[in-house]
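Please examine the sequence and the model displayed here. The paragraphs that follow lead from one chain to the other and describe how the parts are arranged.

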Amino acid sequence: MKIDATRREWIAGAFTGTGAALVGCAARKTAAAAAEVSITRAAAYDQTLYETVRRSLAKHRLDVRGRNVVLKPNLVEFEPGSVINTHPLVVHAAYEAFTAMGAASVRIAEGPGHRRNTLDLADAAGYFRIVPRFEEVFTDLNIDDVSQVHLPRQASRMGKLYLPNTALRADLLVSIPKMKTHHWAAATLSMKNLFGTVPGALLRMAEEHAALGGYRRIDRRFEKRVSPPVRPGGWNRRHGRQRAYSRHGKECGRAGGWPRHGRGGRHLLSDYVH
Amino acid sequence: MIEFLLKKQNSDGGWPYGNGGSWTEPTVYAVRALLAAGETAPAKRGIDWILRTARPDGGWASRPGVGESSWVTALATLIPEEYLGEQTSRRTIEWLVGTRGEDTTAVYTLRERLLGRPASADCAHPGWPWTRGAAAWVAPTAAALIALEREQRLRPSAQNVGQIAGRAAAGRNFLLAHMCREGGWNHGATNAWGYDMAPYPETTGMALLALRGVRAPQMERALAAARRSLSTRSADGQNWLRLGLSAHGQLPANCRPPEEVAYRTVTEVALNEIVNRGGLS
């Protein structure tokens, strides 16, 4: 294991009794398995998306027959004229596609971190208008029942998480994030959408332990690698402005932080405006 | 609305947010709503649930099974003391007084200094976190402030009154420091990448309720932002805005929530009942 901490960090850790936490937070290099990736152009957010998403999923030869599928969009806040949330048409297109592929059940589930009232946010973002019987197919992860999950690998000071049973019991959890800018890292490239599965009542426990324990290290290394730093202004003009997530950001750990619990796998389907 | 609350009560005496197991937050609001409506029997079953779920450290977890006390500890003090009991009440306040944003603790500040980073701007006026070990935010700070001020009114000559007054003053300053430029509050950020952040209706209402009686130049901006937000379709937003504006005597006469506001969860329904029956005094 490579301990990726600076001398200054070691000294600070020794003085404040957080040396162990620093070791826990230190980066571990893991080999990433090759993943099948499709990038598909869609002309507009219109009815043609349904066929586009169906064809994209068919290419990946996913067998979801008889499986319980949970779609996790990215709902953060709503701001008219801005592009913050996953477009409801993308989510509904995925919903229809997985249903057509023979899934036993398909649910849409989300637990935003800023606005704890998910249904209000979904309403403002157009989900009630686009997704028929939205309340029947939607689970608000902020108020779902939870189970304690111990983290097999520690990337922060957290040893455990409380995760919603709807997500844990899914056979396939499909992350449908919104590709956009981020106030700390400039871009998170859709890697952290699953943070929104931690129920709102407990979310801060996770994100803030992570933020206070580790995000600054990640942030600084990001800055070192991207020089000059990515300026959000240009991105904002083209892709819409994203409001900041929190004072301390939601940066945590690394991709792959989702604990390998439950029966399911995970899959990424991103909504990216270009 | 009261029927809805009665129907949603779990067999263990507590309430879920929507469906499922009992959580502390909806149970506290449901108890207060039922007490206000004179439904004492189900309210007492709810209070028994709250007393049963108190943690050894004097706090409450968001729900049983979560092994960590959290911000909902402040909400527990909304249960009238004749039911909560003086000893439980005092322990709850002790938990709150001993809790602050992690980024303002001495250990964290020292670590940051050693790493060559500036200390948190909130060190001078620490707020409250959602859970211990995390940074402070607007909503848990507002809830804790409401609890401490209630304690000050209940026991003005308590032994730790100075400590309570100090934390309450810090909490008020935290809220004032985290007000959005246009007035009102969001989760706690006022600016990011040079953009001013917009307030949310629900946190604006909560903060206003916590700042009852505060006279500061920026309060007019906050009250104006709250009045502007009264058109929100969010039930949560409506409830807290009405509570917050009422606390300052600024709720417009005959103000009614828009027709399209949907009250779906136990917290929304219970808070609406509380608003309509006199508020969280």
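In this predicted model, the buried residues of helix α13 of chain B are B:Val266, B:Thr267, B:Glu268, B:Val269, B:Ala270, B:Leu271, B:Asn272, B:Glu273, B:Ile274 and B:Val275. The helix spans residues 266-276, and because 10 of its 11 residues are buried, α13(B) is largely enclosed by the rest of the structure. Against what do these residues pack? Their partners come from both chains: α5 (118-124) of chain A, together with α1 (2-8), α2 and α12 of chain B. Just after α13(B), B:Gly278 adopts a positive phi of about 115°.

Several residues of α13(B) reappear in the surroundings of B:Leu5. Leaving aside residues up to four places away in sequence, B:Leu5 touches B:Val266, B:Val269 and B:Ala270, as well as B:Trp15, B:Ala33 and B:Leu34. B:Leu5 also belongs to the largest nonpolar core, which has 73 residues; B:Leu5, B:Tyr29, B:Leu96, B:Leu175 and B:Trp185 touch the most other members. Helix α8 of chain B (residues 138-154) gives the most to this core, contributing 9 residues. A second core, separate from that one, comprises 31 residues and includes A:Leu75, A:Val90, A:Tyr127 and A:Ile176. Such groupings fit a general pattern: in soluble globular proteins, nonpolar side chains tend to be buried together.

The aromatic residues come next. Over all chains, the structure holds 6 aromatic pairs. One of them joins B:Tyr17 and B:Trp23 edge-to-face, at 5.3 Å centre to centre and with 65° between the planes. B:Tyr17 and B:Trp23 are both buried. A further pair is formed by B:Tyr29 and B:Trp240; their ring centres are 6.1 Å apart and their planes stand at 70°, so this pair too is classed as edge-to-face. B:Tyr29 belongs to helix α2 (residues 24-36) of chain B and B:Trp240 to helix α12 (residues 235-247) of chain B, so the pair ties together parts 211 residues apart in sequence. Both α2 and α12 of chain B are also among the elements against which the buried residues of α13(B) pack. B:Tyr29 counts as buried because its relative accessibility is 1%, and B:Trp240 is buried with a relative accessible area of 5%.

Charged groups also meet rings in chain B. The charged end of B:Arg63 sits over the ring of B:Trp23, 5.0 Å from its centre. The charged end of B:Arg167 sits over the ring of B:Trp128, 4.0 Å from its centre. In chain A, ring pairs link A:Tyr127, A:Phe128, A:Phe134 and A:Phe138 into a cluster, and A:Tyr127 is also a member of the second nonpolar core.

Chain A itself contains 10 helices and 9 strands. Of its 274 residues, 55% count as buried. Among contacts in chain A between residues at least 6 apart in sequence, 77% join residues at least 24 apart.

Strand β1 of chain A (residues 68-73) offers a route into the strand arrangement. Is this strand enclosed or open? Of its 6 residues, 5 are buried, so β1(A) is largely enclosed by the rest of the structure. β1(A) pairs with strand β2 (residues 105-110) of chain A in the parallel sense over 4 bridges, and A:Asn68 stands opposite A:Ser105 in β2(A). Between these two strands, the chain passes through helix α4 (residues 88-100) of chain A, in a β-α-β crossover that is right-handed. β1(A) is also joined by 5 bridges to strand β6 (residues 172-176) of chain A, and the two run parallel. Here A:Lys72 stands opposite A:Ser175 in β6(A).

An antiparallel pairing is found elsewhere in chain A. Strand β4 (residues 146-150) of chain A pairs with β5(A) in the antiparallel sense over 5 bridges, and A:Gln148 stands opposite A:Tyr162 in β5(A). Because 4 of the 5 residues of β5(A) (residues 160-164) are buried, this strand is largely enclosed by the rest of the structure.

The last site is a loop residue. A:Ile39 is placed in the loop between α2 (19-25) and α3 (48-59) of chain A. With a relative accessibility of 82%, A:Ile39 counts as exposed. Its C-alpha atom is separated by 8.6 Å from that of A:Ser56, which lies 17 residues away along the chain.

Technical notes:
Residues numbered from 1 in each chain as written. Chains lettered and ligands numbered in written order. Predicted model: local features only at pLDDT ≥ 70, side-chain atom pairs only at ≥ 80, totals over all residues. Heavy atoms only, no water. Phe/Tyr/Trp six-rings, centres within 6.5 Å; stacked < 30°, edge-to-face > 60°. Buried < 20%, exposed > 50% of the residue type's maximum accessible area, 1.4 Å probe, protein only. Lys NZ or Arg CZ within 6 Å of the ring centre and 35° of its normal. Pairing = 2+ DSSP bridges. Right-handed = clockwise from strand over helix to strand, strands pointing away. Core = buried A, V, L, I, M, F, W, Y, C linked by side-chain atoms within 4.5 Å. Contact = heavy atoms within 4.5 Å.
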